[in-house]
Amino acid sequence: MKKNKMANVMASIYMLVFVALFLVIAGRFMYIQSTGEVSGVSLNEWAEQQRTASYKMNAERGQIMDKNGMVLAYDRPAFRMYAILDEAYSENSPEDLHVSNTEETAETLASILDEDKSEIKSILDDAVQSERFQVEFGQLGRQLSQQEKEAIEESGIPGIYFDEEPMRYYPNGMFASHIIGFAREVEEETEDGIEHSITGVTGMEHVMNEVLGGKDGSISYQRDRYNKKLLDPDEIIQEPEDGDLVYLTLDQKIQTLLEDLMTQVDEQYNPTKMNAIIMDPKTGEIVAMSTRPSFNPNSPENVENWYNDPISSPFEPGSTFKIFTWAAAIEEGIYNGEETFESGTYQPNERIEEIRDHNQGEGWGTISYDEGFMRSSNVAASKLLWEDIGADEFYEYIQDFGFEEPTGIDLPDESIGHIQYNWPSEKLRTAFGQGTTVTPIQQMRAASAVVNDGQMVKPYVVDKIVDSTTGNVMEETEPEYTGQPISPETAEEMKELLASVVNDEDGTGAPYKLDDYIVGGKTGTAQMPDPEGGGYLTGRDNYVFSFLGMAPMDDPELMVYVSIQQPELEDTESGSAPLAFIFNNVVENSLHYLDVETDENESNQIEEVEFPEVVDESTESIQSDLEERGIQPIVIGEGENIVSSNVEAGERILPNEKVLLLTDEPTMPDLTGWSLREVMSFADMLDLQTERFGNGYVTSQSIEVGKPIQEGDYLGFELEIPSGESSDDSGDEDNEETEEENNEESTEEADEETEDE
């Protein structure tokens, strides 16, 4: 009886517990059913998230263009590869949709991508062992080209898929790299996984990142467990807003010419650094700018110098600074160019260390101040400052010329120099550009006053910003004057003095004389401070050689600054040799390209030829007609009729210019010796997918000569810099005496020591 009674009690207890648990569970279910929430999480929203795929739609980054609309930077499609490993993905499919054989897959991918087979197989095998649904391949599966993607797809291996991702591409390679800069892909972890986007790192890509970047969009849709879109996906799309177009003041043709010349000089003379700026002195537009060492923004690895030296690296300018000393003297009204002085040495008093001319202090006897400017006399500069202008007054001119403030150019990381102007010896040396430091762009702004009737113009590189959708101009830069340190009369007299430096037999700038245009300018040879022992480095190569010139002198269209640091010169060469090679070639060719009238008589001018209509005309007759006009036609293919040309009908071109004619049966021409510009023009005609290697001129190509070609074909080509002469030999005999003087000038200021006062 007691046992039965105990059993009944326990049964009652269990019954109560069971009823309580049932009520709790039932109540929980009723609560969930009525509220639709679990632990504060909405079941409807959770389910929606589980069956909804959401992706960011990257906005296309805006292009960077030159002033004529040539593309300098754009987004090129690339692909990210991944593999699906789950056998369930191939259910109800007559063929495998997943990776069924890791050995075969790794071998095929390795051969196409030129990668290590074992590394690929290891990635696949590890993912299979971990029972992962899919796997990516890291860096070796990123930024694949269209050709690599198509080759993998055509190989027939199952389970390999691709996502398109943007890749920033710079078609001209090492071209104005420090101005354009580069953008790179960055990864960002979000709730939906890792997202990829392109962000500007340096140069205009960084400065204009917000303008170029646009606004990303998004897409969401209902999916199954394999991430496949359902038949009724409830798709929501928010279209991205593409980035705007940034037009620079750079001219691609002039910049390309400058880059080629800089590369040739770099190869031959192996300098520590080189800088060049080409500016329209009337507007302040930077037409071209280059520096060495440089880098290829498509693969910015092992970069030697991130700084854009023409605007970021002050240095002692040397005798180019004498432009502003003479300008100050003329503006003060105390300058008499015919007045004479005793050259060689100058010492205002016994407490100030002696100033010596660059020819070992020997000087040229009694000469005029005009001749002192032509011969680049340090003594003349110091005497003008100390005895005529006045040290305090000259310092005011230094400020008026803007040497103690940035130019305000629209590029990042602009620096300013330091005016060393405390002790008498420092003031004397500042008159001829020693001790004091400035940047090349500061000198360019100051020298623009000579061109603009005494007004300085602000340099800039952004021409305009254009809406990529509507084509409307959103912002446009207008020329801006930033001060007037000298009068129009002083500016005109300075132009005459600058012209005499190049064109007078006693001038130091004779190597910069051109055939078709009158040039004016000023040479400079600056000592380099010794970072270890103090004072200055010795040796004939331990200088910064420079030239600041403009042409044509009656109405300058271009102003150019070039400098080279520590070039490896031959015993017979002066510091002007590499600079003249760059300056003469880039100025002469650029002025012709800009259709600037020559300073020669009309009989020496080259007459342009009008290009005729060629489309749908007979190949044979057009080829004959063009040759009679003095044009060099390059016929692409063996078709009977011409279908297109890289020159439009009615366009005026120079004789002997190459013109591409595409026939109706195109075949691959021999590109050997072609420039990058010519190859890209050819590729544009057929919309070829191009990939280049190197710089200079074509030495090899991926498509065999004579092979039929069609739109969209892949063309890879290699370029090399030709090992040619570094300078024009014309006029060398006539300039022997001047070259000897320039060899002497390579020691300009060499004997000047820093002051201990």
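## A salt bridge within helix H5

Glu-153 has a relative accessibility of 45% and therefore counts as partly exposed, in a model that is predicted. Its salt-bridge partner is Lys-149, and the closest N and O atoms of the two side chains lie 2.9 Å apart. Lys-149, with a relative accessible area of 15%, is buried, so the bridge joins a partly exposed acid to a buried base. Both residues belong to helix H5, which covers residues 146-155, and because they are four residues apart in that helix, about one helical turn separates them.

## A salt bridge within helix H13

In helix H13, Lys-383 forms a salt bridge with Glu-387, where the closest N and O atoms are 3.2 Å apart. Here too the spacing is four residues within one helix, which means that Lys-383 and Glu-387 are separated by about one helical turn. Lys-383 counts as buried because its relative accessibility is 14%, whereas Glu-387, at a relative accessible area of 44%, is partly exposed.

## A salt bridge between strands, and its network

Arg-168 and Asp-75 form a salt bridge whose closest N and O atoms are 3.0 Å apart. This pair links distant parts of the chain, since Arg-168 sits in strand E7 (residues 160-169) and Asp-75 in strand E5 (residues 71-84), with their positions 93 residues apart. Arg-168 has a relative accessibility of 6% and so counts as buried, and Asp-75, at 13% relative accessibility, counts as buried as well.

Arg-168 and Asp-75 also take part in a network of salt bridges that links them with Arg-61 and Glu-205. Over the whole model, the count of salt bridges comes to 19.

## Packing of helix H11 on helix H13

Helix H13 (residues 378-389), described above for its salt bridge, packs with helix H11 (residues 322-331) at an angle of about 35 degrees, and the axes of the two helices are 10 Å apart. The crossing in which H11 passes H13 is left-handed.

On the H11 side, the residues that meet H13 are Lys-322, Thr-325, Trp-326, Ala-328 and Ala-329, and on the H13 side they are Asn-378, Ala-380, Ala-381, Leu-384 and Ile-389. Sorted by class, this contact has seven nonpolar residues, two polar residues and one charged residue.

## The five-stranded sheet

Five strands form an open sheet with antiparallel pairing, in the order E14-E13-E23-E22-E21. Strand E14 (286-292) and strand E21 (520-527) each have a single partner strand and stand at the edges, so one side of each is left without a neighbour in the sheet. From one strand to the next, the twist averages 5 degrees.

Helix H17 (residues 488-503) packs on this sheet, where it touches E21 and E22, and its direction makes about 70 degrees with that of E21. Helix H18 (residues 576-593) lies across strand E13 (273-279) together with E22 and E23, and it runs at about 160 degrees to E23.

## Strand E23 and its partners

Strand E23 (residues 558-565) pairs with strand E22 (residues 543-551) in the antiparallel sense over eight bridges, and a hairpin of six residues joins E22 to E23. Within this pairing, Val-544 stands opposite Gln-565 of E23, while Met-550 stands opposite Met-559 of E23. The pairing of E23 with E13 is also antiparallel and extends over seven bridges, and in it Ile-277 has Tyr-561 of E23 as its bridge partner.

How many of the eight residues of E23 are buried? Eight of the eight are buried, so the strand is largely enclosed by the rest of the structure. Both of its faces are covered, with Leu-558, Val-560, Val-562 and Ile-564 buried on one side and Met-559, Tyr-561, Ser-563 and Gln-565 buried on the other.

Technical notes
Residues are numbered from 1 along each chain as its sequence is written. This is a predicted model: local features need pLDDT of at least 70, side-chain atom pairs count only at pLDDT 80 or more; totals for chains, interfaces and linings use all residues. Side-chain values use heavy atoms; hydrogens and water are left out. Axes are lines fitted to C-alpha atoms, for helices over the stretch in contact, and angles run from 0 to 180 degrees between N-to-C directions. A crossing is left-handed if the near helix is turned anticlockwise from the far one by less than a right angle, and right-handed if clockwise. Contact means heavy atoms within 4.5 Å. Ala, Val, Leu, Ile, Met, Phe, Trp, Tyr, Cys and Pro count as nonpolar, Asp, Glu, Lys and Arg as charged, and the others, Gly among them, as polar. Two strands pair if DSSP finds at least two bridges between them. A salt bridge is a side-chain nitrogen of Lys or Arg within 4 Å of a carboxyl oxygen of Asp or Glu. Buried means under 20% relative accessible area, exposed over 50%, partly exposed in between (1.4 Å probe, protein chains only).
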